[in-house]
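Let's walk through this one together, starting with how its parts meet and then moving on to a few charged and polar side chains. Keep the viewer open as you read.

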Amino acid sequence: MREIGGIQSMKIAFSDYDGTLSVPEEGVATETIASIHAWRDAGNKFGIVTGRDYSLIDKEARAYQIPVDFYICCNGAAIHETDGSVISSTPLSYDIMKAFFPSQHVLNYTDGMLFFTPEQAYTYRLRTDVPASFLTPLNSIEDAMNLKDVVQIGMRFRDTEEAVKAFAAIEEDFPQQFTGNINRQFLDLNHASVNKSTGIETLIQWKRWDSAELLIIGDDRNDLVMIEKYKGFTVQRAQSFMHEAAYAVYGSVGAMLRDHL
């Protein structure tokens, strides 16, 4: 904690998960988990800001026994307490989805498509990168129209370049209707007003944490906006454009936390 006028103010750390807190092929390091414990024992808060929905990120946190104070899910479109209670959500427009589904962007897409509500994850066609037990299958793309409060549509492409190209085409036909949150080869479509930065802002207002010192860390395109707004950090494994945008570069989330204790 830091002191303001003799009064201690807590610090709040917001970490991306995939590629930042969790490293490919390695998972979440034991030293990072120990650093999170020390961070929280000092009176600070720690939460995850992710493109995953609550069910998928909670599974990971439980598996690694990561102590978490909150979740900002679906790139800021759904904010949860640790028990899954919904603090805030921003669904996609029904009318926009109705216009989007018959478009070439969906008709020509052959991989599995994910649909997230604040409470549940659904899939139209199989997605091998997500455990089937966490997904409720849809028989047709039209079934998604019957879901209540879809906060995110997830698409997967061959690589980042293809994902960027796909969203550029979507944006041309549906200008200012979606935020295209891109993380590696994954494209998440959210409401145009939503990103990880707005999710952080909403949580801070809800929790009345305005006076807290904020630490933000991420590693890819969908993290850029929060890193730029809050003078955040990135990790060494991130690409050069992230290093250029970040205030500092750390070897791990644990290293960032220890540096600010």
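A word on contact before anything else: two residues are in contact when heavy atoms lie within 4.5 Å. What you have here is a predicted model, where local features need pLDDT of at least 70 and side-chain atom pairs count only at pLDDT 80 or more, while totals for chains, interfaces and linings use all residues. Numbering runs from 1 along each chain as its sequence is written, and side-chain values use heavy atoms, with hydrogens and water left out.

Now for the layout. The domain assignment splits the protein into domain 1 (11–89 + 195–260) and domain 2 (94–191); such bounds come from an automatic or database domain assignment. Measure between their C-alpha centres in your viewer and you should get 24 Å. How many residues of each domain are in contact with the other? On the domain 1 side there are 19, and they meet 18 residues of domain 2.

Buried area is the accessible area (1.4 Å probe) that two parts lose on being put together, summed over both. For this pair that comes to about 1,500 Å², with 58% of it on carbon and sulfur atoms. Within domain 1, the residues that lose the most area to domain 2 are Leu 56, Arg 221 and Asn 222, which together make up 26% of what that side buries.

The polar side of the interface is worth a look too. A salt bridge here is a side-chain nitrogen of Lys or Arg within 4 Å of a carboxyl oxygen of Asp or Glu, and there are two salt bridges between the domains. A polar contact is a pair of N or O atoms within 3.5 Å; within protein, one must be able to donate a hydrogen and the other to accept it, and residues adjacent in sequence count only if both atoms are side-chain atoms. Seven residue pairs across the interface, both residues at pLDDT 80 or more, meet that rule.

Which elements give two or more residues to the domain 1 side? They are helix H2 (54–64), strand S6 (78–80) and strand S7 (86–89), and H2 gives the largest share, three residues. Helices (H or I, at least four residues) and strands (E, at least two) are DSSP runs, numbered from the N terminus. By residue kind, the domain 1 side divides into five nonpolar, eight polar and six charged; Ala, Val, Leu, Ile, Met, Phe, Trp, Tyr, Cys and Pro count as nonpolar, Asp, Glu, Lys and Arg as charged, and the others, Gly among them, as polar.

Now zoom in on Arg 184, in the loop between strand S12 (178–183) and S13. Its side chain meets that of Asp 219 in a salt bridge (2.6 Å, N to O), and it also makes a polar contact with the side chain of Asn 183 (2.8 Å). Leaving aside neighbours within four places in sequence, Arg 184 is in contact with Asp 18, Gly 19, Asp 159, Thr 160, Ala 163, Asp 219 and Asp 220. Arg 184 is partly exposed, at 29% relative accessible area; on this scale, buried means under 20%, exposed over 50%, and partly exposed in between (1.4 Å probe, protein chains only).

Step back and the structure holds 18 salt bridges. One of them joins Arg 40 and Asp 69, with the closest N and O atoms 2.9 Å apart. This pair links distant parts of the chain, 29 residues apart: Arg 40 sits in helix H1 (residues 30–41), and Asp 69 in the loop between H2 and strand S5 (70–73). Arg 40 is partly exposed at 29%, whereas Asp 69 is buried at 17%.

Another salt bridge pairs Arg 158 with Glu 162 at 3.3 Å between the closest N and O atoms. Here Arg 158 is exposed, at 67%, and Glu 162 partly exposed, at 27%. Asp 220 and Arg 221 form one as well, at 3.9 Å, with Asp 220 buried at 4% and Arg 221 partly exposed at 32%. Elsewhere, salt bridges that share partners join Asp 18, Arg 52, Lys 59 and Glu 60 into one network.

Finish at Asn 195, in the loop between strand S13 (186–191) and helix H6 (196–207). Is Asn 195 buried or exposed? At 16% relative accessibility, Asn 195 counts as buried. A polar atom of its side chain lies 2.8 Å from the backbone nitrogen of Ser 197. Not counting residues up to four places away in sequence, Asn 195 touches Asn 75, Gly 76, Asn 181 and Val 225.
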